[in-house]
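This report describes the fold of one protein chain, element by element. Please keep the sequence and the model open while reading.

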Amino acid sequence: MAALELHYTQDEFNQLTTEQITALAFLQRVMKYDGDDAARQRNKPLVLAQLVTYHNHTGAAPQIEDFELLDATLDEATLSGKVKIKYTIQRFYGCSDLNTAENDHETWRYQIAQDRKCVVVNAPDFERLSTGDEF
């Protein structure tokens, strides 16, 4: 299981805990951050890279340019929850000069680590079933 550490600012966390923003809005700011802050600039590319790993087995060159957060829950006592992500996989098959696109989604668990000012997202690794698993 991949554990992505996505950093946030104290101001964003304060807005979450004082209910100025929802868990969904907080996670959108954190997971989709692609700005100049050196500590956080890798947040969005980390999420995109993890999503691509789910589709590397197809033999094509999968690309995911963006994602959308559909829903998020937060247990305020444990600072943990789930987030549902929707995205489009674009593939290019060079030999046949074919482009395809299909929608997919994932649901990931997360935990807010206040001491490190990051959201630790537990993104399951891609599981390839063997032929023995079919029976």
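Helices and strands here are DSSP runs, helices of at least four residues and strands of at least two, numbered from the N terminus. With helices marked in this way, E19 is placed just after α1, and E19 has a positive phi of about 60 degrees. The model is a predicted one.

## Overall layout

The chain holds three helices and five strands. Read from the N terminus, their order is β-α-α-α-β-β-β-β. Of the 135 residues in the chain, 36% are buried. Among contacts between residues at least 6 apart in sequence, 55% link residues at least 24 apart.

## The sheet

The five strands make an open sheet, arranged as β1-β5-β4-β3-β2 with antiparallel pairing. The edge positions belong to β1 (2–7) and β2 (67–72); each has a single partner strand, so one side of each has no neighbour in the sheet. From one strand to the next, the twist averages 30 degrees.

Within this sheet, β3 (residues 80–93) and β4 (residues 98–113) are joined in the antiparallel sense by 14 bridges. β4 also pairs with β5, again in the antiparallel sense, over five bridges. The link between β4 and β5 is a hairpin with four residues between the strands, and K117 in the turn has a positive phi of about 50 degrees.

The table gives some of the residues that face each other across these pairings.

| Residue | Opposite residue | Strand of the opposite residue |
|---|---|---|
| S80 | Q111 | β4 |
| Y87 | D104 | β4 |
| A113 | C118 | β5 |

As a general point, side chains in a regular strand alternate between the two faces of the sheet.

## Helices against the sheet

Two helices are described here by their position on the strands. Helix α2 lies across β1, β2, β3, β4 and β5 (118–123), and runs at about 150 degrees to β2. Helix α3 (residues 43–53) packs on the sheet as well, with β1, β2, β3, β4 and β5 all touched; the direction of α3 makes about 160 degrees with that of β1.

Which residues of helix α2 (residues 23–31) are buried? They are A23, F26, L27, V30 and M31. These residues span an arc of only 115 degrees around the axis and therefore sit on the same side of α2.

In α1, the buried residues are E12, F13, Q15 and L16. Viewed down the axis of α1, they fall within an arc of 160 degrees, so they line one face of the helix. The cover over the buried residues of α1 includes α2 and β4.

## The α1 and α2 pair

How do the axes of helix α1 (residues 10–17) and α2 cross? They come within 9 Å of each other and cross at roughly 170 degrees. Because angles over 145 degrees count as roughly antiparallel, α1 is roughly antiparallel to α2. The crossing of the two helices is left-handed. On the α1 side the contact is made by E12, F13, Q15 and L16, and on the α2 side by A23, F26, R29 and V30. The α1 residues E12, F13, Q15 and L16 are also the buried residues of that helix. On α2, A23, F26 and V30 are among the buried residues.

## Two positions in the strands

A3 lies in strand β1. In sequence A3 is 120 residues from A123, yet their C-alpha atoms are 6.2 Å apart in space. Apart from neighbours within four places in sequence, A3 is in contact with V120, V121 and N122.

V119 belongs to strand β5. Is V119 buried or exposed? V119 has 0% relative accessibility and so counts as buried, the limit for that label being under 20%. Not counting residues up to four places away in sequence, V119 touches L4, E5, L6, Y8, F26, L27, V30, Y110, Q111 and I112. Among these, F26, L27 and V30 are buried residues of α2, while Q111 is the bridge partner of S80 in β4. The C-alpha atoms of V119 and L79 are separated by 9.5 Å, with the two residues 40 apart along the chain.

Definitions and conventions: Residues numbered from 1 in each chain as written. Predicted model: local features only at pLDDT ≥ 70, side-chain atom pairs only at ≥ 80, totals over all residues. Heavy atoms only, no water. Buried < 20%, exposed > 50% of the residue type's maximum accessible area, 1.4 Å probe, protein only. Arc of directions from axis to C-beta. Pairing = 2+ DSSP bridges. Axes fitted to C-alpha atoms, helices over the stretch in contact; angles between N-to-C directions. Contact = heavy atoms within 4.5 Å. Parallel < 35°, antiparallel > 145°, perpendicular 65-115°, else oblique. Left-handed = near helix turned anticlockwise from the far one by under 90°.
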